[in-house]
Amino acid sequence: MIRNLYGNKMFIADLILTSIWALFFSRYCNSLLLLALMIPIRIALCFEMEHKSPWTLISATGFLIAYICADCFIKPFKWMVYIFFYVIGESELIIDPISQSFEWEMELFVGIISVLWFLWLAVMPIIIGFRTHVFKEIPWKNKWIWLYLIIFTAISVWGMFIEGKLGGFLLGLGVSLLPMVYWCISNRHRRSPIQLILNDRKIRWYLIYAVFMLTAITIGLKDIYSMKLLGLLTFPAFFYIMLIRSFRLGTVLTRCCIALFVSGLLYWLTLDEGETASVVMLIIAVVLIIYVGITMIIKTKRCSAAVFLMIIVPAVIIPSILGFNPYIILDADYTRMYASNLSVRQGVYVVEQYAELAEKGTPYYWCKKHGLRDRYGMILPMEYNELKVIDGWGRFIATNYHLCNGSRKSDQRYGVFDLRKRKFVVDPANMEVMDIERIDDKSFKLINLEEKHFATLYLWGEYQGKYYNEAHVEPHFAE
């Protein structure tokens, strides 16, 4: 009964859910102390429960106390929901993408997810610790245990009076670290902790999987362009090899590695192909991945690892390496990085499409239209003849849409888009701007169809002794 409560499948599920939480917790929590301690403690709890350690209940209690007192309780889960709805194309449910504020229904959903994940992370280990009944094996007569608890409790209570929740966090942290302190004092016997960890096969494989996934995510998040093709070619095959070896499924098949290699190459080729070719290549790539999964099932007579591969490779590994969702905006003929500024370029890409302007065979019957996309969808549609950065930071982009064939200056319609806030400062749908002329680094003349300076665009920052919090347009009155 105890073995079934936290068996191998639940152990794997716990590691996956804990790792997802750790990823968001590390990215959206500002406290280095929390990052350095909370995540390793919870991951260690997975292995304590799997090994039926008598210290499970103690570590789980300490983690529960520390987590309750931490300031990053809701934020990671809010970002999970925020990104989830963007990925599935339901971004309209989000009121403010900058602060991740939702309608009340979505706020309720975030609350439910937060509670359920909290119960799994912090309450479930306590239940497992109670059910195993092995906590009685702890040598409570050891004086070091009580000396440590008394000193740490005194410090924590004092901290509660001075800093409130900080004292509670220290108390939870102290209780969680008790197993490690006891082992170092009474049970180490000159053994190397690192070597003991590496001797555990399951810990070794978890570290390998963690490094593998973090590398794939880093390539995409940081837009390391030189590594993307290499990652697409090798990571799916490496993941297949890791599954075969870690689950002890037998022989690694060369044809499966080649199929995954070709699959990754096809994903890369879709970036420079039109809609029809991209759809065909994506279908072939997914079929190759399914072929590898079916081959694994036939050869090993086991389904779990194969299903895992068929889901994770196309849904997690490939999008992570690319840095965006490859299954949308397939009508773009080219997709390339927006490389104008480090602070806003990550996750932003220029998409281009050829468009006919006149009858085929006539001069200038086609041109290239430009747009912008992020990791999850379109930012600016592919209808602009030109996208040009107008500031030194790459944040503000002048969009230029040509009427007719764009051969005359009067056909130009300019707008200015704030890439960070994802909105137009000068909206071409509401304001007819024929040209934009630079005054200095912070201001620009807006020229109307009569070739007159009718308004001035001021970017954020200090200008002539006055500070502007946001970019804005002011009317210009001729003297």
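This briefing covers the helices, aromatic pairs and selected contacts of one protein chain. The model is predicted. The chain has 16 helices and 16 strands. Of its 479 residues, 46% are buried.

**Whole chain**

- Among contacts with a separation of 6 or more, 53% join residues 24 or more positions apart.
- The exposed area of the chain is about 25,400 Å². Carbon and sulfur atoms supply 63% of that area.

**Helix α2**

- Helix α2 covers residues 8-28. Its 21 residues should span 30 Å at 1.5 Å a residue, and the end C-alpha atoms are indeed 30 Å apart.
- The buried residues of α2 are F11, D14, L15, T18, W21, A22, F24, F25 and Y28.

**Helix α7 and its cover**

- Helix α7 runs over residues 143-163. At 1.5 Å a residue, its 21 residues should span 30 Å; the end C-alpha atoms lie 30 Å apart, which agrees.
- I145, Y148, L149, S156 and G159 are buried in α7. These residues cover an arc of only 95 degrees around the axis, so they sit on the same side of α7.
- An α-helix has 3.6 residues a turn, so residues three or four places apart point the same way.
- K143, I150, W158 and F161 are exposed, on the face of α7 turned away from its buried side.
- The cover over the buried residues of α7 includes α8 (165-176) and α9 (178-187).
- G164 follows α7 and has a positive phi, near 70 degrees.

**L178 in helix α9**

- L178 belongs to helix α9. L178 is buried, with a relative accessible area of 2%; the cut-off for buried is under 20%.
- Neighbours within four places in sequence aside, L178 is in contact with W55, I58, I145, Y148 and L149. Of these, I145, Y148 and L149 are among the buried residues of α7.
- L178 and I58 are 120 residues apart in sequence. In space, their C-alpha atoms are 7.8 Å apart.

**Helix α14**

- Helix α14 (residues 275-300) has 26 residues. From first C-alpha to last, α14 reaches 38 Å, close to the 38 Å expected at 1.5 Å a residue.
- The buried residues of α14 are S278, M281, L282, A285, I289, V292, G293, T295, M296 and T300.
- These buried residues pack against α12 (225-246), α13 and α15.
- Just after α14 comes K301, with a positive phi of about 60 degrees.

**Aromatic pairs and a charge over a ring**

- The structure holds 22 aromatic pairs. One of them is F63 with Y67, which is stacked: 5.5 Å centre to centre, with 25 degrees between the planes.
- Both F63 and Y67 lie in helix α4 (residues 56-69). They are four residues apart, about one turn of the helix. Both are buried.
- Y267 and Y327 form an edge-to-face pair, at 6.1 Å centre to centre and 85 degrees between the planes.
- Y267 lies in helix α13 (residues 254-269), and Y327 in the loop between α15 (304-322) and β3 (334-337), so this pair ties together parts that are 60 residues apart in sequence.
- Y267 is buried, with a relative accessible area of 0%. Y327 is partly exposed, at 32%.
- W205, Y209, F212, F235, F239 and F308 are linked into a cluster by ring pairs.
- K442 lies over the face of W460, at 5.4 Å from the ring centre.

**L5 in helix α1**

- L5 is in helix α1 (residues 2-5). L5 is partly exposed, with a relative accessible area of 26%.
- Not counting residues up to four places away in sequence, L5 touches M10, I128 and R131. M10 falls within the residue range 8-28 of α2.
- L5 and I127 are 122 residues apart in sequence. Their C-alpha atoms are 9.9 Å apart in space.

How values were computed
Residues numbered from 1 in each chain as written. Predicted model: local features only at pLDDT ≥ 70, side-chain atom pairs only at ≥ 80, totals over all residues. Heavy atoms only, no water. Phe/Tyr/Trp six-rings, centres within 6.5 Å; stacked < 30°, edge-to-face > 60°. Helix = DSSP H or I, 4+ residues; strand = E, 2+ residues; numbered from the N terminus. Buried < 20%, exposed > 50% of the residue type's maximum accessible area, 1.4 Å probe, protein only. Lys NZ or Arg CZ within 6 Å of the ring centre and 35° of its normal. Expected span 1.5 Å × (residues − 1). Arc of directions from axis to C-beta. Contact = heavy atoms within 4.5 Å. Areas by Shrake-Rupley, 256 points an atom, 1.4 Å probe, with all protein chains shown as cover.
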